[in-house]
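User: I've got this model open and I'd like to go through the strands, the turns and a charged patch. Can you take my questions one at a time?

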Amino acid sequence: IILPQEKPLLAASNFQNSDEDAGGDDLDLGKMINQQLGEISSKISGNSILYIATTNSPDAYSLSGRYDVKDSTVSVRISIRQNKTVKFRFEVVGNKEKLSELAANIAARAADWGANKK
């Protein structure tokens with residue numbers, strides 16, 4: 001019997017604009033990242049993570065971070081946490097006009113980390 005390989009469980013992410021006047025996640029980056037994580041998770045073959053929007057599992061990881069917008073550049077600082085403990089940090093820079101591409105890059109990097117973590 002071959003058992004499937006255990007995959008990391010990722011829950012909904014939380015992102016905020018560093019500019020307090022912007023009022024939270026004004027770019028809806030968290031929503032776009034969650035959509036990308038869902039797409040990665042739903043692939044029939046080659047998916048490296050499981051994604052569920054809400055969970056109480058202590059084993060679940062979540063992405064959170066802050067971003068700065070300067071002209072058309074968006075700089076995002078991302079933390080992957082498990083039980084409020086930071087397990088991995090990274091930064092991604094993208095174009096404000098290509099937010100879906102930026103979200104896809106962040107989700108892919110998180111999924112790669114999940115697939116390769118030891």
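Analyst: Sure. One bit of vocabulary to start: strands are DSSP runs of E with at least two residues, numbered from the N terminus. Keep in mind that this is a predicted model.

User: How many bridges join E3 to E4?

Analyst: E3 covers residues 61–70 and E4 covers residues 73–82, and the two run antiparallel. One of the pairs puts Tyr67 with Val76 in E4. As for the bridges joining E3 to E4, the count is ten.

User: Which residue in the turn between E3 and E4 has a positive phi?

Analyst: E3 and E4 make a hairpin with two residues between them. Most residues other than glycine have a negative phi, so a positive one is worth a look. Here the phi is about 55°, and the residue is Asp71.

User: Is Asp71 buried or exposed?

Analyst: Asp71 sits in the loop between E3 and E4. Its relative accessible area is 69%. The cut-off for exposed is over 50%, so Asp71 is exposed.

User: Which residue in E5 stands opposite Arg77?

Analyst: E4 also runs antiparallel to E5 (residues 85–95), with ten bridges joining them. Among the facing residues, Gln82 stands opposite Thr85 in E5. Opposite Arg77 you'll find Glu91.

User: What is the phi of Lys84?

Analyst: Lys84 belongs to the loop between E4 and E5, where the hairpin has two residues between the strands. Asn83 in that hairpin takes a positive phi near 55°. Lys84 isn't a glycine either, yet its phi is positive too, at about 65°.

User: What is the relative accessible area of Lys84?

Analyst: Exposed means over 50%. Lys84 counts as exposed because its relative accessible area is 79%.

User: Which residues gather in the patch of negative charge on the surface?

Analyst: Two members, Asp19 and Asp28, come from the loop between E1 and H1. Joining a patch takes over 30% relative accessible area, and Asp19 has 41% while Asp28 has 42%. The full patch is Asp19, Glu20, Asp21, Asp26 and Asp28.

User: Is Asp28 exposed or partly exposed?

Analyst: Asp28 is another non-glycine residue with a positive phi, near 55°. Its relative accessible area is 42%. Values between 20% and 50% fall in the middle class, so Asp28 is partly exposed.

User: How many Å apart in space are Asp71 and Asn34?

Analyst: Along the sequence, Asp71 and Asn34 are 37 residues apart. In space, going C-alpha to C-alpha, the distance between Asp71 and Asn34 is 25 Å.

How values were computed. Residues numbered from 1 in each chain as written. Predicted model: local features only at pLDDT ≥ 70, side-chain atom pairs only at ≥ 80, totals over all residues. Heavy atoms only, no water. Pairing = 2+ DSSP bridges. Helix = DSSP H or I, 4+ residues; strand = E, 2+ residues; numbered from the N terminus. Patch = residues over 30% accessible without salt bridge, like charges linked within 9 Å, V, L, I, M, F, W, Y side chains within 5 Å. Areas by Shrake-Rupley, 256 points an atom, 1.4 Å probe, with all protein chains shown as cover. Salt bridge = Lys/Arg side-chain N within 4 Å of Asp/Glu carboxyl O. Lys, Arg positive; Asp, Glu negative; His and termini not counted. Charge placed at Lys NZ, Arg CZ, Asp CG, Glu CD. Buried < 20%, exposed > 50% of the residue type's maximum accessible area, 1.4 Å probe, protein only.
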